[in-house]
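Grab a pencil and let's work through a few exercises together. Try each task on your own before you read the solution.

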Amino acid sequence: MLLPDAFPSSLTWLFLAALVLNLLVKRLLGWRHARHVQAHRDRVPEAFAGHIGLFSHQRAANYTVARLRLGWLNTCADAVVLLILTLGGGLAALDSWIAAWQWPPLAHQLALLGLALLVMAPIDLVFNWWRHFRLEARFGFNRMTQRLFVADTIKGTLLSILLGAPLSAAVLALMASGPYWWLYAWLLWSAFSLFIMLVFPAWIAPLFNRFSPLNDDALGARIHALAQRCGFALNGLYVMDGSRRSAHGNAYFTGMGKMRRIVFFDTLLAKLNHDEIEAVLAHELGHFRHGHIRQRLLLAQFLSLVTLGILAWLAAQPGFYTAFNAVPANASSQPAMALLLFFLVSPVFTFFLTPVRSWLSRRHEYQADAYAAAQSQPAFLVAALLKLYNDNAATLTPDPVHSAFYDTHPPAALRIAHLNQLEQAA
């Protein structure tokens, strides 16, 4: 069904209004967060006074504000590039330039996708570099060398081309196959996502980091016992050289089925004792036992189906291209133009779903904490969190509105209070 002639201008103004509102909300929330953090930087909250010193608290406040400032600059730069590529006619200009070469349709479309990504890449590269070598280095977190940064960038780019080009070619071919292409594309995307999950631990992750088996027998025995109690099939315990890039610590599960493994950052093992590590892993296993990972995967697949359905409808509307000053140079490049336009523009609208996603994630975190409290001891998880808050310079005094909108984990004070309640109820 084609929409009336008023659709292009209406969509243009709707996009501009959403973009302006997007920027205003981000700016307001960032301003509130920075103001709140700075207002509380000179006094450690009472609940943390015996565990985190004033210097660390002030360092966390400074780190939070610095990240907000850099994030705002990145947001503004992205908005400028978005406007240039869309309403400014950038995509249409790239398409016309490629059309002059008279390449076959699929090659033309892949070239358009690649060239558009190439135009956007310098912005991400500059801010990524600044984040590592200025912001993170200023606060003592960065351990990445310039050489490693370049190597990671090259390997990431080559991997994206190796995996992304065939997937893009297949999707573009499907888009020309008929009205129900989006269903086939969804099946393809689902299969591709499953493939990545299967090959990531053994083939992709080792391209960027070194993994070695955990050589702490006592810790390994405790983790295997915990996994067995929780009904979690575990294939291995590995240590990753996270300290090559950052001082931040972490641990994660990876793989599927009987191939699941636990990976520790070496920085995490250096910071936490065995009781604390077990409590942290019990929290992660709580996500598994409550089905959070499965729920998120199913939700992601459902949203990808809806997204592709909307894309299919918009791609058939001539006004969709007119609204963003991106009319294809010829019919053969229309699928690639539709893909680019949709994935450039849609984040402006989906941004307003952020608080819903954040709320759901925080709910899952509370449930996982409760599970960890039952499998370990709440005090051990509290001790681990206090160390991680301190070492990672996480603010203890976030603005409540900013936190409700963005934070995927409960604020430190609320999370610790929840665990203390579980401790008292035990």
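**Exercise 1. Where in H6 does a kink lie, and which proline follows shortly after?**

Before we start: this is a predicted model, where local features need pLDDT of at least 70, side-chain atom pairs count only at pLDDT 80 or more, and totals for chains, interfaces and linings use all residues. Residues are numbered from 1 along each chain as its sequence is written, and side-chain values use heavy atoms, with hydrogens and water left out.

Step 1. Find the helix: H6 covers residues 181–204. Helices here are DSSP runs of H or I with at least four residues, strands are runs of E with at least two, and both are numbered from the N terminus.

Step 2. Check its span. H6 has 24 residues, and a straight helix would reach 34 Å at 1.5 Å a residue; the expected span is 1.5 Å times one less than the number of residues. The end C-alpha atoms of H6 are only 30 Å apart.

Step 3. Look for the bend. There is a kink of about 40° at Leu198, shortly before Pro201. The bend is the angle between axes fitted to the seven residues ending at a residue and the seven starting there.

Step 4. See what H6 packs against. Its buried residues include Trp181, Phe192, Val199 and Pro201 (buried means under 20% relative accessible area, exposed over 50%, partly exposed in between, using a 1.4 Å probe and protein chains only). The buried residues of H6 pack against helices H5 and H10 and strands E3 and E4.

**Exercise 2. How far apart are the end C-alpha atoms of H14, and what should its residues span?**

Step 1. Count: H14 (residues 378–391) has 14 residues, which should span 20 Å at 1.5 Å a residue.

Step 2. Compare: the end C-alpha atoms of H14 are 20 Å apart, so the two values agree.

Step 3. List some buried residues: among them are Leu381, Val382, Leu385 and Leu388. An α-helix has 3.6 residues a turn, so residues three or four places apart point the same way.

Step 4. Find the partners: the buried residues of H14 pack against helices H8, H9, H13 and H16.

**Exercise 3. What is the order of the strands in the open sheet?**

Step 1. Write it down: the four strands go E1-E2-E4-E3, with mixed pairing. Two strands pair if DSSP finds at least two bridges between them.

Step 2. Spot the edges. E1 (211–213) and E3 each have a single partner strand, so one side of each is left without a neighbour in the sheet.

Step 3. Zoom in on one pair. E1 and E2 (residues 236–240) run antiparallel and are joined by three bridges, and Ser212 stands opposite Val239 in E2.

**Exercise 4. Is Gln102 buried or exposed?**

Step 1. Locate Gln102: it sits in the loop between H3 and H4.

Step 2. Use the cut-off: Gln102 has 72% relative accessibility, so it counts as exposed.

Step 3. Check the backbone: Gln102 is not a glycine, yet its phi is positive, about 55°.

**Exercise 5. With which residues is Ser358 in contact, leaving aside its neighbours within four places in sequence?**

Step 1. Place Ser358: it is found in H13.

Step 2. Classify it: Ser358 has 2% relative accessibility, so it counts as buried.

Step 3. Name the contacts (heavy atoms within 4.5 Å): Ser358 touches Ala404, Phe405, Tyr406, Asp407 and Thr408.
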